[in-house]
Amino acid sequence: MIETDVLIVGAGPVGLTLAMDLALRGIAVTVAETRAAREVPTVRCNHVAARSMEIFRRLGLAHKLRQAGLPPDYPHDASFRTTVIGTEMSRIPIPCRRDRFTATGGPDTGWPTPEPPHRINQLYLEPILFDHAAAMDNIRLLNRTQVIGFAQDDTCVQATARDLATGQTFKIVSPYLVGCDGGRSMVRKAIGAKFVGDAVVQRVQSTYIRAPQLLEQMTGEPAWAIVSLNPRRSGTLYAIDGRERWIVHNYLQEHETDFAAIDRDWAIRTILGVADDFAYEVLNVEDWIGRRLVADRFRNGRVFICGDAAHIWVPYGGYGMNAGIADAANLAWLLAARLNGWGGPAILAAYEQERLPITEQVSHFAMNYAHHMIKNRRIVPANIEEDSQAGAALRAEFGQELYELNVQQYCCGGLNFGYYYDQSPLILYDGQPHPAYTMADFTPATVPGCRTPHFWLTDGRSLYDAMGPDYALLRFDPTVAVDKLLAAAEQRRMPLKVLDINPAAAPPAYTTKLLLSRPDQHIAWRGNDLPPNIKTLVDQLRGEAE
Ligand SMILES: Cc1cc2nc3c(=O)[nH]c(=O)nc-3n(C[C@H](O)[C@H](O)[C@H](O)COP(=O)(O)OP(=O)(O)OC[C@H]3O[C@@H](n4cnc5c(N)ncnc54)[C@H](O)[C@@H]3O)c2cc1C
């Protein structure tokens with residue numbers, strides 16, 4: 001029998017992020033995973049969002065991830081073409097790894113973050129997360145182990161796991177269990193949560209290929225994503241290694257419900273724009289159905305679900321895994337607060353109250369976007385490839401439309417920085433409205449519930465690095481007395497630090513002399529003076545009230 005503070009079922013990107021965040025907060029974690037150690041996943045997510053990179057920065061991982069992915073000078077651009085090797089209609093510039101921190105003027109440069117987005121396939125991402133987690137104190141990774149069931153009572157969760165090498169079963173006992181076990185989650189089903197939404201938004205015939213000659217046949221600059229649009233077959237190609245490996249997504253039409261009925265080779269050649277003698281090798285077939293499904297609950301008692309176990313949707317906006325990583329960062333500090341003894345009994349309720357509405361909203365953004373793209377693929381003009389002035393004019397016009405639509409998903413600032421928690425029991429709202437956001441756009445704000453807007457301190461440090469992993473009180477006027485708050489926090493053993501900040505460094509969104517940022521970098525409270533009843537404030541931050 002194993003005893004642990006938290007049992008995490010599943011060592012995908014979400015389970016590993018949760019494990020690392022908990023471990024850094026002093027919690028003993030056991031992670032059970034059916035795959036072998038370092039066994040790579042299928043080719044899936046290609047985009048690590050800026051917000052995820054901010055989280056990885058706090059976990060000490062961002063630098064490692066930046067060193068991996070596409071070659072340093074391989075463009076992370078998205079290009080819109082008639083075929084992969086055909087004429088380019090437009091292009092969204094996204095800096096390559098080498099230029100990520102120096103490039104200016106692009107639609108995702110100049111964002112208020114210490115960690116802009118990164119492009120790396122899950123194939124390369126997961127082993128880095130795994131190695132980092134494996135080297136951490138407080139984490140026990142049980143590979144080739146399947147959790148087959150559990151029961152909970154008032155004090156703990158008792159899970160049954162099977163060692164897949166020997167077939168033997170054993171018990172894992174913990175105060176909390178988190179299912180990060182993917183879209184088919186056993187944990188979700190066991191807690192009685194139901195996926196609700198749209199079961200089919202888009203069918204995609206996906207093929208992972210090796211095509212060493214493809215790069216040299218492209219007429220324009222290479223790109224990370226190449227969206228191929230022509231009247232015969234439209235699809236998207238993502239560069240996996242920047243040399244010879246690619247994933248080709250063939251978006252099926254509504255009436256094409258049988259993956260096997262579509263000639264895969266024909267579709268790939270049509271999307272690429274290559275002749276019958278072009279050589280490529282199929283490395284794997286990865287057909288998938290884009291859905292929009294969100295669980296109707298994220299928790300039952302001592303058991304939680306996170307990531308794909310709680311929500312799946314079409315990967316537009318590149319925000320499937322990234323939404324799961326945000327879940328993990330949210331749940332980690334709440335669980336750690338409770339286990340470390342300063343979080344009150346109500347603190348864990350915040351997880352569902354904060355994350356479920358956001359998840360629901362993002363799922364709709366992604367699906368609406370998918371519908372736009374489905375329509376665009378249907379209306380590709382018949383003469384888009386015509387070698388004439390009229391053809392060129394058409395490509396310029398269509399290309400511009402594609403740019404405007406797709407810049408929202410490939411440079412999705414709103415999904416990264418715009419979302420806020422407006423129904424949290426842990427946040428002290430002050431009646432000010434949260435600024436609306438879209439997939440692409442956001443307005444930095446310090447309304448409680450928003451992400452604490454990032455800026456660089458006058459000594460060159462990132463605000464987030466200076467705030468650290470706990471509650472941080474940002475004080476923009478050193479004459480405002482905050483001792484009473486520090487004393488009340490100390491009395492309740494709630495970790496809190498004060499950070500004195502030169503107001504000249506802060507962006508205009510900062511309008512108050514004090515601002516309290518939570519361990520997950522969302523704003524809990526702001527004001528010019530401490531409120532009269534400081535104990536009530538601290539108790540709300542800790543989730544003391546039932
Ligand atoms: C084609 C495609 C493209 C995508 N592109 C993007 C993108 O660009 N951006 C993005 O953000 N997302 C993208 N996604 C989504 C992304 O891949 C998932 O959201 C992400 O993998 C979810 O991570 P997870 O850790 O929640 O689940 P998973 O990655 O599914 O991991 C779950 C883990 O749990 C393990 N497990 C399951 N059951 C048990 C059990 N009973 N016991 C022990 N272990 C168990 C599994 O082996 C697995 O390792 C894409 C998905 C697809 C299909």
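Colleague: How many Å separate an oxygen atom of the ligand from an N or O atom in the side chain of Arg-35?
Modeller: This is a predicted model. Arg-35 is listed among the closest residues around the ligand. From an N or O atom in its side chain to an oxygen atom of the ligand, the distance is 2.8 Å.

Colleague: How much of the ligand's area does the protein bury?
Modeller: Taken alone, the ligand exposes 1000 Å². The share of that area buried by the protein is 87%.

Colleague: Which residue has a side-chain N or O atom 2.6 Å from an oxygen atom of the ligand?
Modeller: Two other side chains have polar atoms facing ligand oxygen atoms at listed distances: Arg-35 at 2.8 Å and Arg-44 at 3.4 Å. The distance of 2.6 Å belongs to Glu-33.

Colleague: Which element gives the most residues to the shell around the ligand?
Modeller: The shell has 29 residues, divided into eleven nonpolar, 13 polar and five charged. H1, strand S3 (29-33), strand S9 (145-152) and helix H8 (321-339) each supply at least two. With three residues, the element that gives the most is S9.

Colleague: How many of the twelve residues of H1 are buried?
Modeller: H1 covers residues 13-24 and reaches 17 Å from first to last C-alpha, close to the 16 Å expected. Its buried residues include Pro-13, Leu-16 and Asp-21. The helix is mostly covered, and the number buried is eleven.

Colleague: Which residue just after H1 takes a positive phi?
Modeller: H1 ends at residue 24. Just after this helix, a phi of about 90° is found at Gly-26.

Note on methods
Residues are numbered from 1 along each chain as its sequence is written. This is a predicted model: local features need pLDDT of at least 70, side-chain atom pairs count only at pLDDT 80 or more; totals for chains, interfaces and linings use all residues. Side-chain values use heavy atoms; hydrogens and water are left out. Helices (H or I, at least four residues) and strands (E, at least two) are DSSP runs, numbered from the N terminus. The expected span of a helix is 1.5 Å times one less than its number of residues. Buried means under 20% relative accessible area, exposed over 50%, partly exposed in between (1.4 Å probe, protein chains only). A residue is near a molecule or strand if one of its heavy atoms lies within 4 Å of it. A polar contact is a pair of N or O atoms within 3.5 Å; within protein, one must be able to donate a hydrogen and the other to accept it, and residues adjacent in sequence count only if both atoms are side-chain atoms. Accessible areas come from the Shrake-Rupley method with a 1.4 Å probe; for residues, only the protein chains shown count as cover. Ala, Val, Leu, Ile, Met, Phe, Trp, Tyr, Cys and Pro count as nonpolar, Asp, Glu, Lys and Arg as charged, and the others, Gly among them, as polar.
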